[in-house]
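Reader: Before accepting the labels in a structural description, I would like to see the rule behind each one. Please take them in turn.

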Amino acid sequence: MRVRDLPLSSTVVDHFAERGVRELYPPQRAAVEAGVCEGANVVAAVPTASGKTFVAQLALLTADGPGLYVCPLRALAREKYETFAALPGVDVGISTGDFDATGEELAGNDVVVATSEKVDSAIRNGASWVDDLACVVVDEVHLLGAKRRGPTLEVTLATLRRRNPDLQTVALSATVDNPDAIADWLDAALVESDWRPVELRTGVAVGGDVAFDDGTSLSVDVASPNETDPDGDAYAGDETDAEDESDPDADDDDEPDPTEVTAALVADAVADGGQCLAFVRSRREAVDLAERLADEGLAERLGIEDAATVAAEEATDVDGTLTGRQLAACLRAGVAFHHAGLRSGHRSVVESAFRDRDVACICATPTLAAGVNVPARRVVVRDQRRYGEGGMEWIPTLEVHQMCGRAGRPGLDPHGEAVLVADADTREEVHERYVEGEPEAVESQLADPGALRTHVLAAIATGFAGTETEILDVFEGTFYARETGAGGLADAVAVAVDDLVAAGMVVRETGGVEDYCLVATAVGETTSKQYVRPETGERIVAGLRAAADLADTTTLTAFEVICDTPDMQDTYLGNAERADVYRFARRNAAHLTTDMTEPDDFEGWLESVKTARILDEWIGGATVEDLVERYRIGPGDLDSRVERAEWLLSAAEALGETIGVRVPAVSRARSRL
C-alpha cells in the first residue's frame, strides 16, 4: 500500500515522499485496513520504530474536525509538536504547563499536542475546546499501568469519550500482554504486530561472549577492571543513587566486571561504524560509564571529532555546573550521559547530537527509553535490577523491552542488537525474563487511594457528579471499571468521599432518601482548579493558617509550606547532610509552620526543609553552580523544583484568598522566584 493511495492531500503526500515515506509498513497498512482513516477506533500495539507516529498522523489528518495528541512527557510533546507542525497546511498548538488555565487559546488549531495532565486540568477549569474534538490519539497508552501518570491518563480519556461519544480514539502502545483488553475498553480494532523495519536480535553477555536468540554469537575482548573512585559523589532524584555505595550486585573478583563488559560491547559496535545506547540503573553510574568510555577514543573511530567538539561547546553554553562540565568533557570524546538530573538544554544537546551521529554512545538511565526518539545500532542493558521499596528488584520486562527496542536505525543499520549483561549465575534468569519472557499486562492504578481522592474531587468540583452513584457513573468508562466492573469501585469511592469530607474539601447535603448530595467546598473547588492533590490543598491551608499565627514569616516559611506536600518532588537527603539540615531547622524553627516534634514522617519533613532551604537560597542570589555543588542535586533537579514551587505558590495564593488568610511571604516568594 502506497501513501499516495491514502485519502491525503497531494501536498501532504509530497511532504511524506520528501522524507522517504512512500510505502506503508505492515502495521501501518493494518491500521488503515482497520479504518484509522475512516474514523474508526484503533489500538496499535507494535514495537518501537514500527511506524506508530505515521498512524497517528493518518488519524489526525483524516479526522472530521480538530484532533488532540496526548503524550506522557513534555520533551516528547515538543518533539511531536515539531513533527506535526511540519505538515503542510496544518495548524498545531502545544500545551504542557499552567495547570490553572483552560487553554482556550488552543481552540482553532487543527491539532493540539498536550500531556494528559494538561488536558485533565483544562477540563477541570472549564475548557470548551475539548468538546469540539473529532479525534484523540494517545501515545504510550500502556502507561495506564504507571502509578503516578496512569490514573490521570485513564480518567482523562474516559472523560473525553463520555463528553463526546462520537470521538475517534486511536491508542498507540508498546507490545504488552493484554492489548486486547485495552482495545475492548476503547471499543477499538486491535492492530497487533511484532514486525520491525530493522531486524532485532537479543542476547545475553557473560564476560565477552554473547549468545543471541537467533543462534548467532559474538565475542569481544574485555579489559581488566579499572580502579574506581570509592568516594565518587552521587546526584539523587528520579533515579536515586542513595544505595550506589553498597551494591549487592557487585561481582566477585573472579567475575568479569560488568562495566568493562559494557565498554567492550560499545567499543566493538562503534568500531563497526555503529552507535550505542548503554543503560545503567542510576545517574552516577551513567556519568561513571560515560567517563570510562571517554578513554576509548570513540570520536576518532567514528571520525566525528569536530562535530563532537561543537556539541561540547553547546553543552558548555547551557551552564557552568560540575554536571555541565562533565558532560562537555565526555562529549568532546564522542560520548554522553543522559538522566533526569540534567537540565533540559543539556538533554536537548545530547539527543540532537546523537540523532545527527555526532555522538557515538549515550550512557543513560531508563528514563531515556520512555522518552524521545534516539535509535542506535546496539543497545547494552548493563543493569536489570535496581533499588525499589523492598531492596533490589528486577526491572519490569516491558521496560527492558522498551530499552532493547531502541536498537536498529531504519536506513542505517542492517540489524539492531540488544545485549543484556549478566554473569554465570544470572544468565538463565536474565534470558528467561527478558529474551524469552513476555511483557507484563497493563493494570489500572485508579484504585490507588490518593489517585482516587484526586479524581473524585475533580468529578464533584466540576459538577460532573453530585452523588456517589453519579461518581460511579463518571468512572464507568474507565479501564478499571471495564476490568473489575463498576461495583469494584463502590467501596473505594465511598472511602474517598469520607476522606474528602474529613479534609474539608467536600460536604454532604441531604438530597434524597438513599443518597446524599455531594458539594465541593470553596477550598475543594480551588484545590481542584489549581490542579493540586487534595492532600496538598489540605496541607497548604493548614500551613497558611499556621503561618498567619507566626510572629515573623519569611520566604522560607512559604517554601516550607509548599515543599511539605506530595506535589513537591522529594530531594534526596544524604547521611552526611542530615545533621546539618536538622540544625538548620532548629535555628529557623520560629519561621517554620511545623513543630519539629510533630511530623509522623520526620525524614520526609527534613527533606522538605532541605528543598525549602535550596529555594530560599536560590531567590537570595545563590547560583545554580553553588546550589548543585552544595546540596548534591542535579541542575535539572533545581529547575524542576523551581518550576513546581512557582505552581504551588500560585496555588497557595489562590487557597489563601479562598480562606481569607493572607500571608505576604507567599507572594514575595513567588515574585522573587
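**Labels and their rules**

Author: The count of disulfides comes to 0, where a disulfide is a pair of cysteine sulfur atoms within 2.5 Å. This is a predicted model, in which local features need pLDDT of at least 70 and side-chain atom pairs count only at pLDDT 80 or more, while totals for chains, interfaces and linings use all residues. Residues are numbered from 1 along each chain as its sequence is written, and side-chain values use heavy atoms, with hydrogens and water left out.

Reader: How do you know that cysteine 135 is in no disulfide?

Author: The nearest cysteine sulfur, that of cysteine 37, is 10 Å away. The limit is 2.5 Å, so the pair does not qualify.

Reader: Why is cysteine 404 not counted as bonded to cysteine 276?

Author: The sulfur of cysteine 404 is 13 Å from that of cysteine 276, its closest cysteine sulfur, and this is too far for a bond.

Reader: Are cysteine 135 and cysteine 404 buried or exposed, and what makes them so?

Author: Buried means under 20% relative accessible area, exposed over 50%, and partly exposed in between (1.4 Å probe, protein chains only). Cysteine 135 has 0%, so it is buried. Cysteine 404 has 3% and is therefore buried as well.

Reader: What makes tyrosine 531 stand out in its phi, and where does it lie?

Author: Phi of tyrosine 531 is near 60 degrees, a positive value in a residue other than glycine. Most residues other than glycine have a negative phi. Tyrosine 531 lies in the loop between helix H20 (522-529) and helix H21 (534-548); helices (H or I, at least four residues) and strands (E, at least two) are DSSP runs, numbered from the N terminus. Its relative accessibility is 10%, so tyrosine 531 counts as buried.

Reader: Why is arginine 632 called partly exposed?

Author: Its relative accessible area is 21%, which falls between the two cut-offs, so arginine 632 is partly exposed. Arginine 632 also has a positive phi, of about 55 degrees, although it is not a glycine. Its place is in the loop between helix H25 (624-631) and helix H26 (635-659).

Reader: How do you know that S9 and S10 pair?

Author: Two strands pair if DSSP finds at least two bridges between them. Strand S9 (residues 209-212) and S10 are joined by 3 bridges and run antiparallel, so the rule is met. Aspartate 209 in this pair stands opposite serine 219 in S10.

Reader: Which sheet holds S9 and S10, and why are some strands called edges?

Author: An open sheet of 8 strands has the order S10-S9-S8-S17-S14-S11-S13-S12, with mixed pairing. Strand S10 (217-219) and strand S12 (335-338) each have a single partner strand, so one side of each is left without a neighbour in the sheet.

Reader: What pairs with S11 in this sheet, and how is S11 covered?

Author: S11 pairs in the parallel sense with strand S13 (residues 361-364) over 4 bridges, and in the parallel sense with strand S14 (residues 378-381) over 4 bridges. Cysteine 276 stands opposite cysteine 361 in S13 and opposite arginine 378 in S14. Both faces of S11 (residues 276-279) are covered: Cys276 and Ala278 on one side and Leu277 and Phe279 on the other are all buried.

Reader: What makes strand S4 mostly covered?

Author: In S4 (residues 111-115), 5 of its 5 residues are buried. Val111, Val113 and Thr115 point one way, and Val112 and Ala114 the other way. S4 pairs in the parallel sense with strand S2 (residues 67-71) over 5 bridges and with strand S3 (residues 92-95), also in the parallel sense, over 4 bridges.

Reader: How many cavities are there, and what makes a space a cavity?

Author: The structure holds 5 cavities of 30 Å³ or more. On a 1 Å grid over the protein atoms alone, a cavity is a set of points where a 1.4 Å probe fits but cannot get out; lining residues have an atom within 4 Å of a point. Grid points are joined across faces, edges and corners, and a volume is the space filled by probe spheres set on the points. The largest cavity has about 100 Å³ of space, and its lining residues include Asp120, His455 and Phe464.

Notes: On a 1 Å grid over the protein atoms alone, a cavity is a set of points where a 1.4 Å probe fits but cannot get out, and a pocket is an open set with protein on both sides within 12 Å along at least five of seven lines; lining residues have an atom within 4 Å of a point.
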